[in-house]
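Q: Please take a close look at the interior of this protein and at the strands and loops connected with it. I should like one connected account, with the cut-offs behind each term.
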Amino acid sequence: MLLALELASLAQAAGEVPVGAVVVLDGKIIGRGYNAPISRNDPTAHAEMMALRDAAQNIGNYRLVGCELFVTLEPCLMCAGAIMHARIARLVYGARDPKTGACGSVLNAFADPRLNHHTEVKVGVLADECGLMLSDFFAMRRAQQKAS
């Protein structure tokens, strides 16, 4: 999760919402990503999506069976769907997202028994650090908007 926080800092430095993600297989990092939808003009360029793409390219398979995904913010519905399709075994996230979180906050995509893959979810790892980075970012953004 510490590396995911470092990646979130890269997103923030680029003017993006500070979210970072890391994919791990057998204790080794195989994928990294951070938010980049603004800079890439791509609504799917969330940290999780970028990390999943990186991992899939690195192992040569779109299925990431046995992998864990560490992300600083609770994934949205789009990312939860990608996590499910990639067959991620375990998701670990820091801060909850009460507006768009799809892994327990607004809804829980992995709890629906009708779906064919159910990723294990661990919530709250370094939640304070992850949440503080996000709240500081949005406070700064609001202050900038007020000043202009």
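A: A residue is called buried under 20% relative accessible area, exposed over 50%, and partly exposed in between, with a 1.4 Å probe and protein chains only. The model is predicted, so local features need pLDDT of at least 70 and side-chain atom pairs count only at pLDDT 80 or more, while totals for chains, interfaces and linings use all residues. Residues are numbered from 1 along each chain as its sequence is written, and side-chain values use heavy atoms, with hydrogens and water left out.

The largest nonpolar core holds 42 residues. Such a core is a set of buried Ala, Val, Leu, Ile, Met, Phe, Trp, Tyr and Cys residues joined through side-chain atoms within 4.5 Å. Val23, Leu52, Leu64, Leu69, Ile88 and Leu91 have the most contacts inside it. Two or more residues each come from α1 (2–13), β1, α3 (47–59), β3 (68–73), α4 (77–86), β4 and α5 (127–147). Helices (H or I, at least four residues) and strands (E, at least two) are DSSP runs, numbered from the N terminus.

Leu64 offers a closer view: apart from its neighbours within four places in sequence, it is in contact (heavy atoms within 4.5 Å) with Leu52, Ala55, Ala56, Ile59, Ala86, Arg87 and Ile88. One of these partners, Arg87, lies in the loop between α4 and β4 and has a positive phi of about 70° although it is not a glycine. Most residues other than glycine have a negative phi.

β4 is largely enclosed by the rest of the structure, because five of its six residues are buried. This strand runs parallel to β3, with five bridges between them; two strands pair if DSSP finds at least two bridges between them. Within this pair, Glu68 stands opposite Arg90 in β4.

The core strand β1 (residues 20–25) is joined to β2 (residues 28–34) by six bridges, and the two run antiparallel. Gly20 has Tyr34 in β2 as its bridge partner. Two residues separate the strands of this hairpin, and Asp26 in the turn has a positive phi of about 50°.

Another loop, between α2 (37–40) and α3, contains Asn41. Asn41 also has a positive phi, of about 50°, although it is not a glycine. Asn41 counts as exposed because its relative accessibility is 70%. By contrast, Leu107, in the loop between β4 (90–95) and β5 (120–123), counts as partly exposed because its relative accessibility is 38%.
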